[in-house]
Amino acid sequence: MKEGAGSMLIRGGSVLLEAAGAPGGARGVEILEGLDVLVSGDRIAYVGPTGSAPAAATCVEYDATGQVVMPGFVNGHTHCSMTLLRGYAQDMTLDDWLRKRIWPAEGRMTPEDIHWGALLGCVEMIAAGVTSFCDMYFKMDGVAEAVEASGLRALLSQGMAGLNQADRRRTWDASLELYHRWNGGAGGRIRVILGPHAPYTCPPDFLEEVGRLSTELGVQVTIHLAETRDEVEECLRRHGKTPVRLAFDSGLASVGMIAAHCVHAGEEDVRLLGSPRAAAVHCPVSNLNLACGIAPVARMLTAGVTVALGTDGPASGSTHEMFTAMRLATLAQKHLTGDPTALPATRALWMATRGGALALGLGDTGAIREGMKADMICVSTKGPHFQPGLDAGACLVHCARPEDVRLVMVDGRVLKKDDQVLTLDEEVIRREVEARAKRIVKSA
C-alpha cells in the first residue's frame, strides 16, 4: 500500500487501547482480543469487533491473529547518528565519556558520516517498531534526509552550544537553516525544533535567546536536564538554580519543552515539569550505563508529569529499541522505591506510545482509535519466550523482543513486513557504516 492511498484491514488481532485513567488523559493501556483495525489513507478509519469493519473499495488485508496491534513506539530522546560510535566508549563517567571520547570522535565526522549513521539508526528503529523519534545532533541535513527516505516521523534539532561567540553563531545559524529547509518536510513527517544542549554548555543569557526564538517560531525545545548530580550542584553554585528551574526561567517551556533525563529532579523540579507545556523523557539504559542514577519516574507520574521513554544515543544507550527501555524502566522504579507496584507494565507501555506522542506534541498519534494517524505496529505473541502469555501487557514489556515486531506502519505506509524493512537497504547501510566508524575511531 502506497503512502497516503488505499486501505488496509488489520484483521483479528488483539488491540492495545488507552485505558480510562487520571484527569487530563489516560496513563495506562488495556488489550482487547478479536478486533479489526481499518486504515484508510494515513488515518485509522475504524476499530471494532472482527468482521464488523465497513467494506472498503480497495483493501489489502493483513491477518493479525496471534499478534497485538498497537501504536508504534515513540523514542522521546536519541542521537540517531551515534550508531557510528556504538560500543566505542564504555565504563566511563558522563564527563569523561563526553570530553575524552565522544566529542573528539564527533569532531572527525563528516556530513556523509552523519547521514549514514542516521540511516542505520532508522533501520534499527523500524525493525524494532519505533515509528517516531526526537533527535538532537549536528550536521542535521543528513539526518533529515535519512528520515525522509525511511518513512519515519521525527522531531529534529541542531544541538546548540553557547560557551563562546563562535559556537553561538554557528549553532544558531545552523538551527535556523535546518528550520527553514526541513520544517514540515517529508510530507509533514519532519518537524524542526530547537535543541540547546544543556545548561552546562548554554549559559543563561543564551538559553533566554533560545526561549525567545522558540516563541517567535512557535516550536518546541528539547534539552538535557539534571542528568547527573554534579550537573545540578554546579548549576546551583553558578546560578543559584537547578537546571530545571533555569530552563523554565529562560522561557524554554513557552511553547513546549522536552526535558531529557531529569535523573536528579527535585520536588520543585517535578512540580515545574508537571506544567502542560513540559514533558520529561526517561532514558533508563543510558542513565544506568553511565551511572547517572535512576530518575524519579513514579513520583513524576503521580505529580501529573507527562513522561516519555527514550533510548538516548547508541554510544551510551547501546540500542534504539524500546522493549529494553520499558523493561528497565519498570525494574528500576521497583528498585528505587522498594515498591513492586511503582511502575506497572501497562503504564510503561503508555509511556512508550501515547506518553511519547504527547511529549513530542504529536497529539494525533500514539493511540489506536478512529481519526488518529495510522502509525501502528503488530507484535507477534507466538514465540516460546512469550508463552503462555497469560497477561499480554506484562509480556510485551518483560518478554517481547524486537524480532517479534511483524508489521510497522507510518502514515498508513508499511515500512516493515515480516522480517524485512521495506524502505531502506539494511545490508548496504551496514557495510557503509562499518567502514566509516572504523575511520572515525582509528585515531582515537
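Me: In E16, what is the bridge partner of Met376?
Reply: Met409. The model is predicted, local features need pLDDT of at least 70, side-chain atom pairs count only at pLDDT 80 or more, and totals for chains, interfaces and linings use all residues. Residues are numbered from 1 along each chain as its sequence is written, and side-chain values use heavy atoms, without hydrogens or water.

Me: How many bridges between E15 and E16?
Reply: Four, in the antiparallel sense. Two strands pair if DSSP finds at least two bridges between them. Helices (H or I, at least four residues) and strands (E, at least two) are DSSP runs, numbered from the N terminus.

Me: Is E16 mostly covered or uncovered?
Reply: Mostly covered. Strand E16 spans residues 405–410, and six of its six residues are buried. Buried is under 20% relative accessible area, exposed is over 50%, and partly exposed is in between (1.4 Å probe, protein chains only).

Me: And E16 with E17, parallel or antiparallel?
Reply: Antiparallel, over four bridges. Val408 has Lys416 of E17 as its bridge partner. The E16–E17 hairpin has two residues between the strands, and Asp411 takes a positive phi near 55° there.

Me: Where does Arg413 lie?
Reply: In strand E17, residues 413–417. Arg413 is partly exposed, at 23% relative accessible area. Arg413 and Met8 are 405 residues apart in sequence, yet 9.7 Å apart in space, C-alpha to C-alpha.

Me: Back to E15. Which sense does it run in against E5?
Reply: Antiparallel, with five bridges joining E5 to E15 (residues 376–380). Val69 has Cys378 of E15 as its bridge partner.

Me: What about E1 and E5, parallel or antiparallel?
Reply: Parallel, over two bridges, with E1 covering residues 7–18. Ser14 has Val68 of E5 as its bridge partner. E5 covers residues 67–71 and is mostly covered, with five of its five residues buried.

Me: Switching to pockets. What volume does the largest one have?
Reply: About 670 Å³. The search uses a 1 Å grid over the protein atoms alone; a cavity is a set of points where a 1.4 Å probe fits but cannot get out, a pocket is an open set with protein on both sides within 12 Å along at least five of seven lines, and lining residues have an atom within 4 Å of a point. Grid points are joined across faces, edges and corners, and a volume is the space filled by probe spheres set on the points.

Me: Which residues lie nearest its centre?
Reply: Trp103, Glu106, Phe138, Gly159 and His197, out of 28 lining the largest pocket. Two or more lining residues come from each of helix H1 (94–106), strand E7 (130–137), strand E8 (153–160) and helix H4 (165–182). H1 gives the largest share, six residues.

Me: How does that lining split by class?
Reply: The largest pocket has 13 nonpolar, nine polar and six charged lining residues. Ala, Val, Leu, Ile, Met, Phe, Trp, Tyr, Cys and Pro count as nonpolar, Asp, Glu, Lys and Arg as charged, and the others, Gly among them, as polar.

Me: And the second largest pocket, what volume?
Reply: About 510 Å³. Its lining has 22 residues, with Asp95, Tyr200, Thr228, Asp230 and Glu231 nearest the centre.

Me: Which helix gives the most to that lining?
Reply: H7, with seven residues. H1 and H7 (229–239) each supply at least two. The second largest pocket's lining divides into 11 nonpolar, four polar and seven charged residues.

Me: Backbone now. Which residues does the cis peptide bond join?
Reply: Gln387 and Pro388, with omega about 0°. Pro388 is in the loop between E15 and helix H15 (392–398).

Me: What about phi at Ala226?
Reply: Positive, about 50°, although Ala226 is not a glycine. Most residues other than glycine have a negative phi, and most peptide bonds are trans. Ala226 is in the loop between strand E11 (221–225) and H7. Ala226 counts as buried, at 1% relative accessibility.

Me: Where is His261?
Reply: In strand E12, residues 257–261. His261 has a positive phi of about 85°.

Me: Last one, the whole chain. How many helices and strands?
Reply: 16 helices and 18 strands. Of the 444 residues, 59% count as buried. The C-alpha trace spans about 65 × 45 × 40 Å along its principal axes.
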